[in-house]
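I opened a notebook page for this model and kept the entries in the order in which I looked things up. Each entry covers one topic.

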Amino acid sequence: MNGMMLAPVTSMHYLVLSLILFCIGVVGVLTRRNAIIIMMSIELMLNAATINFVAFNGQIIAAGGHDNHVGQIFALFIIAVAAAEAAIGLAIVIALMRTRDSLNVDEIDLMKG
Amino acid sequence: MPFIFYILALVVVVSALMVVTRPNAVHSVMWLILTFFAVAALFILQGAEYLAAVQVLVYAGGIMVLFLFVIMLVKLEQVEGFVRSRMRLSAAVVLAGLLLVSVGVAFRLAGVVQAVPLPDGGLPGSQAGPVDLSLVSGNLEVVGTKLLTIYLLPFELVSVILLVAVVGAIVLARREA
């Protein structure tokens with residue numbers, strides 16, 4: 001293992017990971033046409049944001065702010081809002097299935113968006 | 001032990017790619033659950049145990065079951081696979097790559113991100129010196145106390161948001177009588 005000594009993990013590592021995760025989510029939203037999978041890609045992007053919050057919170061704690069957990073608490077709120085978003089989005093999916101009989105977002109163009 | 005981070009990061013990236021590329025939506029959900037578990041493990045690495053528990057309970061437990069229910073409710077034959085249009089795929093990859101590069105360059109240039117070493121999963125006993133257990137085990141207590149004192153108002157507002165979301169979901173999904 002001597003030749004495999006890796007550099008210590010820093011907040012930058014987490015930020016780069018979160019950036020990659022966010023970009024994967026962007027690719028999913030742009031390429032998939034199924035509304036459910038687009039919502040899953042959005043969940044990926046929200047999770048990338050959560051990783052960022054926790055990493056910056058870790059940076060604060062490492063810099064001496066042992067009593068500062070604002071990043072983790074904000075991440076909790078992100079998770080709660082993501083739950084609300086999933087409930088509404090999936091209800092919209094069911095309503096779409098009922099009225100248009102399709103989940104292809106290219107065919108759902110009533111509002112000419 | 002930095003390699004724990006690298007293994008988890010690899011799991012996150014590979015399973016996220018699988019989420020985006022699997023033709024079958026149910027498979028996507030399964031890979032997404034794996035992504036969420038790996039992200040939760042990353043939270044534990046950073047000492048955010050409470051957040052990791054919430055991530056597993058709410059995301060991997062609640063939201064993903066909701067997704068599975070809806071996929072079972074709608075006709076799966078309607079669910080089409082990965083996009084066939086090569087132009088759209090390459091445009092999306094180019095756009096995401098541009099985003100990746102530009103934000104990466106911004107990381108380098110802005111200088112707000114100090115490369116602070118974070119806890120990376122070394123077992124407490126393996127580190128030099130005695131470990132203060134009161135510092136190690138207090139995350140749930142600290143975050144929970146703050147959530148119900150300093151952040152009480154946002155906490156209550158989130159409950160209102162969830163209530164509105166539930167009522168809205170029922171209104172949207174209800175069969176019109």
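**Entry 1: B:Phe69.** I started with a single side chain in this predicted model. B:Phe69 is exposed, because 11 other C-beta atoms lie within 10 Å and the cut-off for exposed is 12 or fewer. I located B:Phe69 in helix α3 of chain B. I then took a distance to B:Val11, which is 58 residues away along the chain; the two C-alpha atoms are separated by 25 Å.

**Entry 2: B:Leu163.** Is B:Leu163 buried or exposed? I counted 11 other C-beta atoms within 10 Å, so B:Leu163 is exposed. The residue sits in helix α7 of chain B. From B:Leu163 to B:Ala96 I get 35 Å, C-alpha to C-alpha, for a sequence separation of 67 residues.

**Entry 3: chain B overall.** I listed the secondary structure of chain B and found seven helices and zero strands. In sequence order that reads α-α-α-α-α-α-α. Of the 177 residues in chain B, 24% are buried. I also looked at contacts in chain B between residues at least 6 apart in sequence: 58% of them join residues at least 24 apart.

The domain assignment splits chain B into domain 1 (1-79), domain 2 (85-110) and domain 3 (133-177). For domain 2 and domain 3 of chain B, I noted a separation of 34 Å between C-alpha centres.

**Entry 4: α2(B).** I checked the length of this helix. The 21 residues of α2(B) should span 30 Å at 1.5 Å a residue, and the end C-alpha atoms are 30 Å apart, so the two values agree. Just after α2(B), I found B:Gly47 with a positive phi of about 85°.

**Entry 5: chain A overall.** Chain A has three helices and zero strands, in the pattern α-α-α. I compared the radius of gyration with the globule rule: chain A has 19 Å, whereas a compact globule of 113 residues would have a value near 13 Å. The C-alpha trace of chain A spans about 60 × 35 × 25 Å along its principal axes. I count 50% of the 113 residues of chain A as buried. Among contacts in chain A between residues at least 6 apart in sequence, 51% join residues at least 24 apart.

**Entry 6: α1(A).** I ran the length check here too. With 21 residues at 1.5 Å each, α1(A) should span 30 Å; the end C-alpha atoms are 30 Å apart, so this agrees. The helix is mostly covered, with 16 of its 21 residues buried.

**Entry 7: the side of chain A that touches chain B.** How many residues of each chain are in contact with the other? I found 61 residues of chain A in contact with 72 residues of chain B. On the chain A side, α1 (11-31), α2 (35-62) and α3 (70-99) each supply at least two residues. The largest share comes from α3(A), with 21 residues. Sorted by class, this side of chain A has 44 nonpolar, 14 polar and three charged residues.

I picked A:Ala91 as an example from helix α3 of chain A. A:Ala91 counts as buried because it has 21 C-beta neighbours inside 10 Å, and the cut-off is 20 or more. Leaving aside neighbours within four places in sequence, A:Ala91 is in contact with B:Gly168, B:Ala169, B:Leu172 and B:Ala173.

**Entry 8: the largest nonpolar core.** I looked up which members of this core touch the most others. The core has 68 residues, and A:Leu21, A:Ile51 and B:Leu51 touch the most other members. On the chain A side, α1, α2 and α3 each supply at least two residues of this core; on the chain B side, α1 (2-21), α2 (25-45), α3 (49-73), α4 (86-110) and α7 (152-173) each do so as well. The largest share, twelve residues, comes from α3(A). Domain 1 (1-79) and domain 3 (133-177) of chain B each give at least three residues to this core.

I followed up on A:Leu21. Apart from neighbours within four places in sequence, A:Leu21 is in contact with A:Leu44, A:Asn47, A:Ala48 and A:Ile51 in chain A, and with B:Val12, B:Val13 and B:Ala16 in chain B.

Methods:
Residues are numbered from 1 along each chain as its sequence is written. Chains are lettered from A and ligands numbered from 1 in the order in which they are written. This is a predicted model: local features need pLDDT of at least 70, side-chain atom pairs count only at pLDDT 80 or more; totals for chains, interfaces and linings use all residues. Two residues are in contact if their C-beta atoms, placed from the backbone, lie within 7 Å. Helices (H or I, at least four residues) and strands (E, at least two) are DSSP runs, numbered from the N terminus. Ala, Val, Leu, Ile, Met, Phe, Trp, Tyr, Cys and Pro count as nonpolar, Asp, Glu, Lys and Arg as charged, and the others, Gly among them, as polar. The radius of gyration is taken over C-alpha atoms; the globule rule is 2.2 Å times the number of residues to the power 0.38. Domain bounds come from an automatic or database domain assignment. A nonpolar core is a set of buried Ala, Val, Leu, Ile, Met, Phe, Trp, Tyr and Cys residues joined through C-beta atoms within 7 Å. The expected span of a helix is 1.5 Å times one less than its number of residues.
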